[in-house]
Amino acid sequence: MKKRIHLIDEIRGLAIILMVFYHGFYLLGYEFGFELMEKAQRFFEPLQPPFACLFILISGMSFCFSRSNLKRGLKLLAIALGFTGVTVFLLPRLGIEEAEIHFGILHLLSVSMLVFALVRPLLQRIDERVGFAVFALLFFLCYNLQSGQLLWFELPRGIYANELTAVLGFPPRGYYSADYFPLFPYIFMFVCGTYLGKYATRKPLPAGFYKVHCAPLAAVGRKTLIIYIIHWPIIFLLGLIISKI
């Protein structure tokens, strides 16, 4: 029986806590007009990409320790589409604008799971060190696709066409998603995580990875999906209550 890598739970727990705070600052600042929260969001904005990438990397790593990943991916996709339905169709009727999520981090993770489940036998033939290096390079090469660039090359505007191209990482002008993590480049970060997971399943990690350093963080890290689902309505409810006071 494989030992549980508690350090992964703790890192994932820290990442989801930081994500919750960031979303709280964003929603309370921009949706409900609380100036202090808006300032806090701008202050912490530079930290959002690295911590989101850490969460995606750990999710890819966890993929290698789970069973029925195809089933998990489909379940997560259904939840992600539920988020889209609520934020696109319900919230505007409640007077909450610019909170729609067309393709957020749950969409990314679910599609990444489904894609990788299909191509896993092929990618897992690659040595984990080589695979990690190649996909990390692809991530950095494609990081600025959203802004119309591949390295120093300007990409043709014609490929930034519609909702489907936005899913891939080529959003058209005016495209908006309150939580936006397109497949490119972020699926490459997910795949990097799977190579770390492959290494961890093949060789024992240093003893510190298997120890519990912070039990509350580890507990949070084991419940990230539930926390992600409930934190949005809780923040909205909190904003509505405070705005009425």
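# Pockets, salt bridges and one buried helix

Okay, let's start with the largest pocket. Six helices each put at least two residues into its lining: H1 (6-31), H3 (48-63), H4 (69-90), H5 (105-123), H8 (183-202) and H10 (224-244). Before I go on, please keep in mind that this is a predicted model.

So how much space lies in that largest pocket? About 1,000 Å³. The lining has 32 residues, and the ones closest to the centre of the pocket are Arg4, Arg12, Ser62, Ser66 and Arg72. If you have the structure open, click on those five and you'll find yourself in the middle of things. Sorted by class, the lining comes to 15 nonpolar, 6 polar and 11 charged residues.

Now the second largest pocket. This one has a volume of about 590 Å³. Its lining is made of 22 residues, and closest to the centre you'll find Tyr22, Glu45, Gln48, Ala178 and Tyr180. Two helices we've already met turn up again here, since H1 and H3 each supply at least two residues of this lining. Which helix gives the most to it? That's H1, with 5 residues. By class, the lining of the second largest pocket divides into 12 nonpolar, 6 polar and 4 charged residues.

Right, on to salt bridges. The count for this model is 8. I'll walk you through three of them.

Start with Asp9 and Arg12. Their side chains meet in a salt bridge, with 2.6 Å from N to O. Both residues sit in helix H1, 3 residues apart, and that's about one turn of the helix. Are these two buried or exposed? Asp9 is buried, with a relative accessible area of just 2%. Arg12 is at 11%, so Arg12 counts as buried too. And you've heard of Arg12 already: Arg12 was one of the residues closest to the centre of the largest pocket. There's a bit more to this corner, because Arg4, Asp9, Arg12 and Arg222 are linked in a network of salt bridges. Arg4 was also on that list for the pocket centre.

Next, Arg42 and Glu38. Here the salt bridge has an N to O distance of 3.1 Å. The two residues are 4 apart in helix H2 (residues 35-44), so about one helical turn separates them. What about their surroundings? Arg42 is partly exposed, at 44% relative accessible area. Glu38 is partly exposed as well, at 23%.

The third pair is Lys198 and Glu128, whose side chains meet at 3.7 Å, N to O. Where do these two sit? Lys198 lies in helix H8 and Glu128 in helix H6 (residues 128-141), so this pair ties together parts that are 70 residues apart in sequence. Lys198 counts as buried at 15% relative accessibility, and Glu128 counts as buried at 5%.

Now let's take a helix and look at it by itself. I picked H3. H3 has 16 residues, and from its first C-alpha to its last it reaches 23 Å, close to the 22 Å expected at 1.5 Å a residue. Which residues of H3 are buried? Quite a list: Ala52, Cys53, Phe55, Ile56, Leu57, Ile58, Ser59, Gly60, Met61, Ser62 and Phe63. And what covers them? The cover includes H1, H4, H5, H6, H8 and H10. Ser62 is worth a second glance, as Ser62 was among the residues closest to the centre of the largest pocket.

Let me zoom in on a residue from that list. Ser59 is in helix H3, and at 10% relative accessibility Ser59 counts as buried, since the cut-off is under 20%. Which residues is Ser59 in contact with, leaving aside neighbours within four places in sequence? Leu109 and Phe190.

One more residue before I stop. Thr84 has its place in helix H4. Thr84 is at 16% relative accessibility, so Thr84 counts as buried. If we again leave out the neighbours within four places in sequence, Thr84 is in contact with Phe89, Ile101, His102 and His107.

To wrap up, go back to helix H1 when you explore this on your own. H1 helps line the largest pocket, gives the most to the lining of the second largest, and holds both Asp9 and Arg12. Okay, that's me done, thanks everyone.

Definitions and conventions. Residues are numbered from 1 along each chain as its sequence is written. This is a predicted model: local features need pLDDT of at least 70, side-chain atom pairs count only at pLDDT 80 or more; totals for chains, interfaces and linings use all residues. Side-chain values use heavy atoms; hydrogens and water are left out. On a 1 Å grid over the protein atoms alone, a cavity is a set of points where a 1.4 Å probe fits but cannot get out, and a pocket is an open set with protein on both sides within 12 Å along at least five of seven lines; lining residues have an atom within 4 Å of a point. Grid points are joined across faces, edges and corners, and a volume is the space filled by probe spheres set on the points. Ala, Val, Leu, Ile, Met, Phe, Trp, Tyr, Cys and Pro count as nonpolar, Asp, Glu, Lys and Arg as charged, and the others, Gly among them, as polar. A salt bridge is a side-chain nitrogen of Lys or Arg within 4 Å of a carboxyl oxygen of Asp or Glu. Buried means under 20% relative accessible area, exposed over 50%, partly exposed in between (1.4 Å probe, protein chains only). The expected span of a helix is 1.5 Å times one less than its number of residues. Contact means heavy atoms within 4.5 Å.
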